[in-house]
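Colleague: I should be grateful for a close look at a single part of this model, namely its nonpolar core. Please describe what it is built from and then place it in its surroundings.

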Amino acid sequence: TGSYTLRSTIGACANSNDVVVKQRPLIPNKPLSDVVHPNCIAAKGSVRVRAIQQQVTYLLTQGGVQQFSSDSGVFREVPEGSYIVKAAGPVCNTFDTIVINPKPEWPATPVFSLRNPDCDFNTGRVAVRNYRSNATYQLLQGAAVRYSATDSVFSAVDAGTYELVVTIGSCKNRDGLTVNA
């Protein structure tokens, strides 16, 4: 970079021009990002560009339309979808792509029917009424799993207080029940 004089000479003739060589423009680093996807509680995700630079603005675009802008490289409340992360320098830009996954399904509170032990049965029975085949069902006492069901029915359940837990992916819902003696 700097100012220079360029001279050319042919025989007795000379000519000169002043030339300015400018500094190479800032080329932003590729905006590699950490993505936090929606979870059981948060409906939207977030994005954090790992190595931010001064004089760079970070943008999230979707379908060619700018959705978010940030000098800090942090984006919150990002809905599910595919995005281009753009690091916009004064002259040059770099890009990366990310995906925000959809929010996982939240299981409904389990609805059940309960049959306590009686003259005909020594143990109880719990039937899940809103059974979902993509969910798992467990009866817990404290933190210990006492029973797991591969279908909608827990058979031969001993007397006691339980927590009926339904899980879909990483999301859980629960309800308490008591099998009487």
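Modeller: What follows is a description of the core, and then of other features of the chain. The model is a predicted one.

The largest nonpolar core has 15 residues. Those with the most contacts inside this core are Tyr137, Leu139, Phe154, Val157, Tyr162 and Leu177. Six strands, E11 (124-128), E12 (136-141), E13 (144-149), E14 (153-157), E15 (160-168) and E16 (171-179), each supply at least two of its residues. Strand E15 gives the most, with four residues.

Tyr137 may serve as an example. Leaving aside residues up to four places away in sequence, Tyr137 touches a list of partners that includes Val128, Tyr147, Phe154 and Val165. Apart from this core lies another, of 12 residues, with Tyr83, Val85, Ile98 and Ile100 among them.

Strand E16 also holds Cys171, which is joined to Cys40 by a disulfide, with an S to S distance of 1.9 Å. Cys40 lies in the loop between strand E3 (33-36) and strand E4 (45-49), 131 residues apart from its partner. Both Cys40 and Cys171 are buried. The torsion about their S-S bond is about -100°, so the disulfide is left-handed. The structure holds one disulfide. Cys13, by contrast, is exposed, because its relative accessible area of 55% is over 50%.

Nonpolar residues also appear on the surface. Tyr4, Leu6, Val19 and Val21 form a patch there, with about 360 Å² of accessible area together. Strand E1 (2-10) and strand E2 (13-21) each give two or more residues to this patch. Leu6, in strand E1, is exposed, with a relative accessible area of 56%.

Terms used: Residues are numbered from 1 along each chain as its sequence is written. This is a predicted model: local features need pLDDT of at least 70, side-chain atom pairs count only at pLDDT 80 or more; totals for chains, interfaces and linings use all residues. Side-chain values use heavy atoms; hydrogens and water are left out. A nonpolar core is a set of buried Ala, Val, Leu, Ile, Met, Phe, Trp, Tyr and Cys residues joined through side-chain atoms within 4.5 Å. Buried means under 20% relative accessible area, exposed over 50%, partly exposed in between (1.4 Å probe, protein chains only). Contact means heavy atoms within 4.5 Å. Patches are made of residues with over 30% relative accessible area and no salt bridge: like charges are joined within 9 Å, nonpolar side chains (Val, Leu, Ile, Met, Phe, Trp, Tyr) within 5 Å. Accessible areas come from the Shrake-Rupley method with a 1.4 Å probe; for residues, only the protein chains shown count as cover. A salt bridge is a side-chain nitrogen of Lys or Arg within 4 Å of a carboxyl oxygen of Asp or Glu. A disulfide is a pair of cysteine sulfur atoms within 2.5 Å.
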